[in-house]
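Here's a quick briefing to read alongside the model. Grab a coffee and keep the viewer open while you go through it.

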Amino acid sequence: MAQLWGGRFTKDTDKLVYAFNASIGFDQRFFHEDVAGSRAHVKMLAKQGIISQEDRDTILGGLDSIEADVDNGRLEITDEYEDIHSFVEANLINRVGEAGKKLHTGRSRNDQVALDMRLYTRKQVRETDDLLKHFLGTILSIMQKNVDTIMPGFTHLQKAQPVTLAHHLGAYFEMFRRDRERLADIYDRMNYCPLGSGALAGTTYPLDRDMTAQALGFYGPTINSMDGVSDRDYLIEFLSALSMIMMHLSRFSEEMIIWNSNEYRFVEIDDGFSTGSSIMPQKKNPDIAELVRGKTGRVYGALVQLLTTMKGLPLAYNKDMQEDKEFSFDAMDTAKGCIHLFDGMLETLKFNKDIMEKSARHGFTNATDAADYLVGKGVAFRDAHSIVGKIVLYCIDKKCGIDDLSLDELKQFSPSFDEDVYDAISLKTCVDKRLTTGAPGKPAMENEIASCIEYLKNSDSLIERA
């Protein structure tokens with residue numbers, strides 16, 4: 001078909017060049033955004049007296065019919081067209097004739113694609129935020145049920161001190177809460193409309209950019225037309241935020257994989273979120289967690305690709321920027337899919353609470369508290385540290401916990417031990433006496449959970465805010 005920009009050219013584009021240049025294969029995702037932008041633009045043109053009210057109504061009717069036919073499958077978006085903008089405009093002209101040729105007045109494909117990408121990314125930010133809000137609700141529900149579920153806390157993957165499952169998952173609640181805050185920050189910074197920037201220098205037509213910005217749900221128009229068509233900072237920021245989300249999901253996945261192993265058995269993943277082996281009948285593999293962990297690099301790759309694409313581009317628009325789409329779309333789809341699936345896996349996860357507590361007991365997670373007990377009896381901390389270290393070696397040899405030792409055995413290491421040591425180093429005491437803000441003690445944990453409940457109750461989704 002003849003190109004909408006073909007007047008300057010005396011012969012057709014080489015077929016290989018056309019295929020290499022075309023973006024319809026991926027920017028057809030922008031169809032609804034392109035139609036929405038065209039509607040806002042044509043209404044503004046009529047209001048400003050640039051086109052007639054009759055032409056406005058004709059064009060709007062044509063756009064409505066094209067959108068309905070695409071949605072109902074009566075009209076197919078094919079590679080006959082160079083890009084989604086050409087598809088919409090060519091079909092509009094075919095349907096309504098001369099009036100359709102006026103749609104592009106005061107507009108360039110440069111500000112069209114900038115608008116479409118911004119509208120599409122804004123929608124993806126909202127959808128990601130909604131998924132995270134639901135995911136936080138799942139985490140919070142588990143926290144509420146497990147304030148008293150004792151488990152070992154780890155450093156260096158070594159058992160360190162006793163905590164609760166609620167406290168452990170509370171750390172992930174904070175990670176994903178920050179992710180939502182990043183999305184809200186990105187949303188506020190990106191929510192300005194580039195439509196009306198033209199190719200790079202605006203236009204001589206008396207456009208009302210505030211009108212089109214308002215009609216499309218933006219806070220206002222972008223301030224500089226060159227920046228308006230060449231800015232992809234918001235997309236880089238979004239891919240960075242998605243990378244952070246995936247990093248947090250990957251850390252969570254790693255723990256689920258470890259906890260699901262035969263050596264730990266802290267959790268059992270539901271059959272619906274596991275797979276088996278083609279040769280080993282006993283296997284139940286944590287494939288969802290492993291795939292989430294694996295797909296993290298895919299999202300990181302999109303961020304690096306876009307940074308690399310943009311790093312050497314002079315102002316204003318360059319064709320290189322067409323390369324912002326395919327890998328960005330993939331990253332958006334990947335991150336949303338991972339959040340959704342991990343949420344479902346976590347919702348159906350079974351926690352083996354007895355095994356968790358036993359692991360904390362036999363991992364000497366109360367060793368620090370035993371040293372603190374001796375300090376309370378007047379022993380210098382460095383001496384107490386050495387005494388308890390020797391007790392741990394003794395317990396390893398006997399294959400028992402510190403609180404399994406008799407008082408006589410403990411007194412062999414220090415005469416400062418007394419009957420009250422057993423209460424002092426019980427796992428429940430070890431956890432409950434940690435009462436500072438953010439600690440796992442029950443009162444502190446209940447305050448944290450109350451704060452989380454309040455946050456979810458009062459944090460509107462970005463869709464509600466828009």
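**The nonpolar cores**

Leaving out neighbours within four places in sequence, Leu 249 is in contact with Phe 135, Phe 176, Val 292, Cys 338, Ile 339 and Phe 342. Keep in mind that this is a predicted model. Leu 249 also shows up among the five residues that touch the most other members of the largest nonpolar core.

- That largest core has 97 residues, and the other top contact-makers in it are Phe 87, Ile 139, Phe 252 and Trp 259.
- Helix H10, which covers residues 233-259, is the top contributor to this core, with 15 residues.
- There's also a second, separate core of 22 residues, including Ala 370, Val 379, Cys 395 and Ala 424.
- As background, nonpolar side chains in soluble globular proteins tend to be buried together.

**How the helices pack**

- H10 packs against helix H11 (residues 287-310) at an angle of about 160 degrees, with the two axes 8 Å apart.
- Since an angle over 145 degrees counts as roughly antiparallel, that label therefore fits H10 and H11.
- The H10 and H11 crossing is left-handed.
- Helix H7 and helix H19 (residues 442-458) have axes that come within 11 Å and cross at roughly 30 degrees.
- H7 and H19 are therefore roughly parallel to each other, and their crossing is left-handed too.
- On the H7 side, that contact is made by Ala 166, His 167, Gly 170, Phe 173, Glu 174, Arg 177 and Arg 180. H19 brings Met 445, Glu 448, Ser 451, Cys 452, Tyr 455 and Leu 456.

**Salt bridges**

- How many salt bridges does the structure hold? There are 33 salt bridges.
- Arg 180 pairs with Asp 129, with 2.8 Å between the closest N and O atoms. Arg 180 sits in helix H7 (residues 165-190) and Asp 129 in helix H6, so this bridge ties together parts that are 51 residues apart in sequence. Both Arg 180 and Asp 129 are buried.
- Lys 123 and Glu 33 also meet through their side chains, at 3.3 Å from N to O. This pair links distant parts of the chain, with Lys 123 in helix H6 (residues 109-145), Glu 33 in helix H3 (residues 31-47), and the two positions 90 residues apart.
- Are Lys 123 and Glu 33 buried or partly exposed? Lys 123 is partly exposed at 32% relative accessibility, whereas Glu 33 is buried at 8%.
- Lys 398 bridges to Glu 409, and their closest N and O atoms are 2.8 Å apart. Lys 398 belongs to helix H15 (residues 381-398) and Glu 409 to helix H16 (residues 407-411), 11 residues apart.
- Lys 398 is partly exposed, with a relative accessible area of 41%, while Glu 409 is buried at 13%.
- Arg 39, Asp 64 and Glu 67 are joined into one network by salt bridges that share partners.

**Around H14 and H18**

- Helix H14 spans residues 367-376, and its buried residues include Ala 367, Asp 369, Ala 370, Ala 371, Tyr 373 and Leu 374.
- The cover over the buried residues of H14 includes H15, helix H17 (421-424) and H18.
- After H14 comes Gly 378, which has a positive phi near 100 degrees.
- Val 431 is part of helix H18 (residues 427-432) and is buried at 2% relative accessibility.
- Val 431 touches Ile 150, Pro 162, Val 163, Thr 164, Pro 440 and Gly 441, leaving aside residues up to four places away in sequence.
- The C-alpha atoms of Val 431 and Asp 148 are separated by 9.2 Å, though the two residues are 283 residues apart along the chain.

**Backbone spots to check**

- The peptide bond from Leu 315 to Ala 316 is cis, with omega near 5 degrees. Ala 316 lies in the loop between H11 and helix H12 (326-347).
- His 156 isn't a glycine, yet has a positive phi of about 55 degrees. His 156 is in the loop between strand E1 (150-155) and strand E2 (158-164), and is exposed at 75% relative accessible area.
- Phe 364 is another non-glycine with a positive phi, about 60 degrees. Phe 364 falls in the loop between helix H13 (353-362) and H14, and counts as buried at 15% relative accessibility.

Notes: Residues numbered from 1 in each chain as written. Predicted model: local features only at pLDDT ≥ 70, side-chain atom pairs only at ≥ 80, totals over all residues. Heavy atoms only, no water. Helix = DSSP H or I, 4+ residues; strand = E, 2+ residues; numbered from the N terminus. Buried < 20%, exposed > 50% of the residue type's maximum accessible area, 1.4 Å probe, protein only. Contact = heavy atoms within 4.5 Å. Core = buried A, V, L, I, M, F, W, Y, C linked by side-chain atoms within 4.5 Å. Salt bridge = Lys/Arg side-chain N within 4 Å of Asp/Glu carboxyl O. Axes fitted to C-alpha atoms, helices over the stretch in contact; angles between N-to-C directions. Parallel < 35°, antiparallel > 145°, perpendicular 65-115°, else oblique. Left-handed = near helix turned anticlockwise from the far one by under 90°.
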